[in-house]
Amino acid sequence: MQKRNAKRRNVGACAQRRVVVFSCFVLWGSSAHAQTVAGRVRDYATRTPIGFVTVALVDDSAHIVGRAQAAGDGVFYLDAPRAGGYRVLLFASGGESFLSPVITVADGAFEEREFFVPAIAAQFRDRYFVHDVTTRAVLKPKNPLPRYPGEMREKNFRGTVTTMFVVDDKGVPETSTFQAISKDDRAFIDAIRDVLGRTRFFPAVLDGKPVRQVVQLTFAFGFPGDTLEGDVIVRAAGVRALAP
């Protein structure tokens, strides 16, 4: 317990940074018996902490298994009932909600992330977000994956891009609403934009009817052997997989 409390006091002391759904995360191990997902919520543009935000932990069956409110400094803790894959659902003050990529939590692990919340563009206002619908929009299997940019592969560059766009009630992305909300290399963003029009979803459902929903997807580009977190995983050497 002392070790776990020490880690709780050090949330946000970044030893390593990588981009995830809202922006970057930090990993530490833990010998604590409980599984915990800890985090700090920050504004994407200013990097300042956002306090008193409601967050929830969602399991792989889309059930909320934990809920908390971030403290004034943006820090929160969510205990997972067991090892497995979880997502963090964050409720922004304007009524929007954001769902992270899957975070794999091992037995007894202490997983720590920083979540950067972007400003919401005008085209997303008055649209359904993930917490507004009965069933969220989900990627269909066997979608085409973005091409790994040749120049990025040759330079051994990796990247993570978080995107937002509207998926219509037929499961088709409205490409005119596409927005990259993480500032990674333009070549990765262009590769995503090129394939988005051919990507298909099971549409969101509200009260038994398909509806339009704002979707947030994180694309992680890397190489075989890399540990990548994202909704869509793209590996340079042809080893490619779509995250659940």
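These are my notebook entries on a predicted model of one protein chain.

**Overall make-up.** I began with the secondary structure. The protein chain holds 3 helices and 19 strands. Next I looked up burial: 51% of the 244 residues are buried. I then checked the contacts with a separation of 6 or more. Residues 24 or more positions apart account for 66% of them. The accessible surface comes to about 11,700 Å². Carbon and sulfur atoms own 50% of that surface.

**The cores.** Which residues have the most contacts inside the largest nonpolar core? I found Leu-57, Phe-76, Val-88, Leu-90, Phe-98, Phe-124 and Met-164, in a core of 28 residues. I also noted the strands that each supply at least two residues of this core: β3 (35-43), β4 (54-58), β6 (75-80), β7 (84-91), β9 (103-105), β10 (110-117) and β12 (159-167). Another core, of 27 residues, lies apart from it. Val-133, Val-211, Leu-217 and Ala-236 are among its members. In soluble globular proteins, nonpolar side chains tend to be buried together.

**Met-164.** I went back to this core residue and left out neighbours up to four places away in sequence. Met-164 touches several phenylalanines, including Phe-98, Phe-124, Phe-129 and Phe-178. Its other contacts include Pro-118, Ile-120, Thr-177 and Val-214.

**Strand β18.** I looked at residues 232-235 last. Val-232 and Val-234 point one way from the strand, and Ile-233 and Arg-235 point the other way. Are these residues buried or exposed? All are buried, Arg-235 included. β18 pairs with β17 (residues 213-222) in the parallel sense, over 4 bridges. Across that pairing, Phe-219 stands opposite Val-232.

Methods. Residues numbered from 1 in each chain as written. Predicted model: local features only at pLDDT ≥ 70, side-chain atom pairs only at ≥ 80, totals over all residues. Heavy atoms only, no water. Buried < 20%, exposed > 50% of the residue type's maximum accessible area, 1.4 Å probe, protein only. Contact = heavy atoms within 4.5 Å. Areas by Shrake-Rupley, 256 points an atom, 1.4 Å probe, with all protein chains shown as cover. Core = buried A, V, L, I, M, F, W, Y, C linked by side-chain atoms within 4.5 Å. Pairing = 2+ DSSP bridges.
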